[in-house]
Amino acid sequence: MGEFTVDSAAADRPPAGGSAPDVGTAAAPAASADVSIIVCTRNRADGLPEMIEHLGRMRVPDGWHVELLMVDNGSTDDTRAVIEGM
C-alpha cells in the first residue's frame, strides 16, 4: 500500500480590515505528492482525530504519496493544538 502522511498548516483569519496572513507561514506541500487532501476546519477540535482516523483507512495505490493539509480557519477552540499534535 502507498504512503500516507499528514502535513499541518495553520492559517489565521486576518482581523477585520486587516491584511491576509503571509502565505510563507504555511507548511510547504510535499513535492512528490500524487494526491493532496485539503481540510479547512474551524472549531472542530473534538471531531478531527476521528476524521483523520477515517482518512487513514483509505486505500492508496502502491507507490503513491498522499499528503493531508490541515488548515485552521481562525478557530477559538483547541483545533490548532490538535492539528499541531498530529
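Here are some friendly questions and answers about a predicted model of a protein chain.

User: Welcome me in gently: in what order do the elements of the protein chain run from the N terminus on?
Analyst: Happy to! The protein chain holds two helices and three strands. Read from the N terminus on, these elements run β-β-α-β-α.

User: What percentage of the residues in the protein chain is buried?
Analyst: Let's begin with the surface, where the protein chain exposes about 5600 Å². Carbon and sulfur atoms supply 52% of that area. A residue counts as buried under 20% relative accessible area. Of the 86 residues in the chain, the buried share is 23%.

User: Which elements each supply at least two residues of the largest nonpolar core?
Analyst: The largest nonpolar core has 10 residues, among them Ile37, Leu48, Val66 and Met70. At least two residues of this core come from each of three elements: strand 2 (35-41), helix 1 (48-56) and strand 3 (65-73).

User: How many residues of strand 3 are buried?
Analyst: Strand 3 spans 65-73 and is one of the elements that supply the largest nonpolar core. This strand is mostly covered, and of its nine residues the number buried is seven.

User: Do strand 2 and strand 3 run parallel or antiparallel, and how many bridges join them?
Analyst: Two pairs give a feel for how these strands line up. Val35 stands opposite Val66 in strand 3, and Thr41 has Asp72 in strand 3 as its bridge partner. Strand 2 and strand 3 run parallel, and the number of bridges joining them is seven.

User: Is the β-α-β unit made by strand 2, helix 1 and strand 3 right-handed or left-handed?
Analyst: From the N terminus on, the chain runs β-β-α-β-α, and strand 2, helix 1 and strand 3 together make a β-α-β unit. The handedness of this unit is right-handed.

User: Among contacts between residues at least 6 apart in sequence, what percentage joins residues at least 24 apart?
Analyst: A contact here means heavy atoms within 4.5 Å. Among contacts in the protein chain between residues at least 6 apart in sequence, the share joining residues at least 24 apart is 81%.

User: Is Asp78 buried or exposed?
Analyst: Asp78 lies in the loop between strand 3 and helix 2 (79-84). Its C-alpha atom is separated by 9.8 Å from that of Arg42, 36 residues away along the chain. Because Asp78 has 54% relative accessibility, it counts as exposed.

User: Which residue forms a salt bridge with Glu53?
Analyst: Side chains of opposite charge can pair when their charged atoms come close. Glu53 is partly exposed, with a relative accessible area of 44%, whereas its partner, Arg57, is exposed at 52%. In this salt bridge the closest N and O atoms are 2.4 Å apart, and the residue paired with Glu53 is Arg57.

User: How far apart are the closest N and O atoms in the salt bridge of Arg80 with Glu84?
Analyst: The count comes to two salt bridges, and this is one of them. Arg80 and Glu84 both lie in helix 2, four residues apart, which is about one turn of the helix. Arg80 counts as partly exposed, at 33% relative accessibility. The closest N and O atoms of Arg80 and Glu84 are separated by 3.0 Å.

How values were computed: Residues are numbered from 1 along each chain as its sequence is written. This is a predicted model: local features need pLDDT of at least 70, side-chain atom pairs count only at pLDDT 80 or more; totals for chains, interfaces and linings use all residues. Side-chain values use heavy atoms; hydrogens and water are left out. Buried means under 20% relative accessible area, exposed over 50%, partly exposed in between (1.4 Å probe, protein chains only). Accessible areas come from the Shrake-Rupley method with a 1.4 Å probe; for residues, only the protein chains shown count as cover. A nonpolar core is a set of buried Ala, Val, Leu, Ile, Met, Phe, Trp, Tyr and Cys residues joined through side-chain atoms within 4.5 Å. Two strands pair if DSSP finds at least two bridges between them. A crossover is right-handed if, with the strands pointing away from the viewer, the path from the first strand over the helix to the second runs clockwise. A salt bridge is a side-chain nitrogen of Lys or Arg within 4 Å of a carboxyl oxygen of Asp or Glu.
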